[in-house]
Amino acid sequence: MKRLLTLFFVFLTTTAAFAQIKTYSDIETRTFVIGLDSYFFGDSGSLDFRTAGASFQARIEGGEVHVSSERGDVLLENGAGDTLVGVHDFTGDNQPELVVARRDGNALSARIYQLTRSGWSRIGRIGASGEGVSDIRVFRQAFSIRDKAADALYTWTWHASRFDFKASDGASDPTPEE
């Protein structure tokens, strides 16, 4: 019994250590979103993923983000700056949502898309800008951005049907208007 418990503890320790490594950003690639389940960051390339029982490919081509499946190709959005596509389950339904994040100068933003019967629907967006803003962190059902210059932490958490905002300094939501 003691040997079995020891083996189980080693398994848990090894698995937990591996999971921690997976969630931190790759400094070499200057990734600015940390904690997504999987992602692609670059000028052009793709990320293959599954949600709602179907296979998809999110492609970055310059500033354009396309999503392809056996039903066809959809231009999801177009924008400027560094672009990252990734997946993470924010809604708790065991179906990952698609995240399109951008870094343009001192501005960070992310848009979150969910697959619905009628196609991809945006369910949220977050963002902040400033000298002290460097990355977006994802943990469970929340995004956070730390503004080191303002000594503030901005957090957007999924509740029921939307992302609720809270700031450590009591500020209003810094997400830029579209």
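**Exercise 1. In this predicted model, find what joins S5 to S6, and trace the pairing back to S4.**

Solution.
- Start at the link. S5 connects to S6 by a hairpin, through two residues.
- Check the pairing. S5 and S6 (residues 72-78) are antiparallel, with six bridges.
- Pick a pair. Val67 has Val74 in S6 as its bridge partner.
- Step back to S4. S4 (residues 54-61) and S5 (residues 64-69) run antiparallel and are joined by five bridges.
- Locate a bridge. Glu61 is partnered by Glu64 in S5.
- Inspect the turn. S4 and S5 also form a hairpin, with two residues between them. Gly62 lies in that turn and has a positive phi of about 65°.

**Exercise 2. Decide whether strand S7 is largely enclosed or open, and identify strands that pair with S7.**

Solution.
- Count buried residues, using the cut-off of under 20% relative accessible area. In S7 (residues 82-88), six of the seven residues are buried, so the strand is largely enclosed by the rest of the structure.
- Take one partner. S2 (residues 38-41) pairs with S7 in the antiparallel sense over four bridges. Ser38 bridges to Val87 of S7.
- Take another. S7 and S8 are antiparallel, with seven bridges. His88 bridges to Glu97 of S8.

**Exercise 3. Describe the largest nonpolar core: its hubs, and the elements that supply it.**

Solution.
- Find the hubs. The core has 24 residues, and Val33, Phe90, Ile136 and Phe143 touch the most other members.
- List the suppliers. Two or more residues come from each of S8 (97-104), S9 (107-116), S10 (119-129), S11 (133-139), S12 (142-147), S13 (152-159) and S14 (162-167).
- Rank them. S13 gives the largest share, four residues.
- Look for another core. A second, separate one has 16 residues, including Leu47, Phe49, Ala54 and Leu76.
- Zoom in on a hub. Leaving aside residues up to four places away in sequence, Ile136 touches Phe32, Val33 and Ile34 among others. Its contacts also include Leu108, Ser109, Ala110 and Ile126. Phe143, Ser144 and Ile145 are touched by Ile136 too.

**Exercise 4. Establish where pLDDT stays under 50, and how many contacts the model has there.**

Solution.
- Begin with the chain. The average pLDDT is 85, and 83% of the residues score at least 70.
- Find the stretch. Residues 9-28 stay under 50.
- Count contacts. For this stretch the model has nine contacts beyond four places in sequence.

Note on methods:
Residues are numbered from 1 along each chain as its sequence is written. This is a predicted model: local features need pLDDT of at least 70, side-chain atom pairs count only at pLDDT 80 or more; totals for chains, interfaces and linings use all residues. Side-chain values use heavy atoms; hydrogens and water are left out. A nonpolar core is a set of buried Ala, Val, Leu, Ile, Met, Phe, Trp, Tyr and Cys residues joined through side-chain atoms within 4.5 Å. Buried means under 20% relative accessible area, exposed over 50%, partly exposed in between (1.4 Å probe, protein chains only). Contact means heavy atoms within 4.5 Å. pLDDT is the predictor's confidence in each residue, from 0 to 100. Two strands pair if DSSP finds at least two bridges between them.
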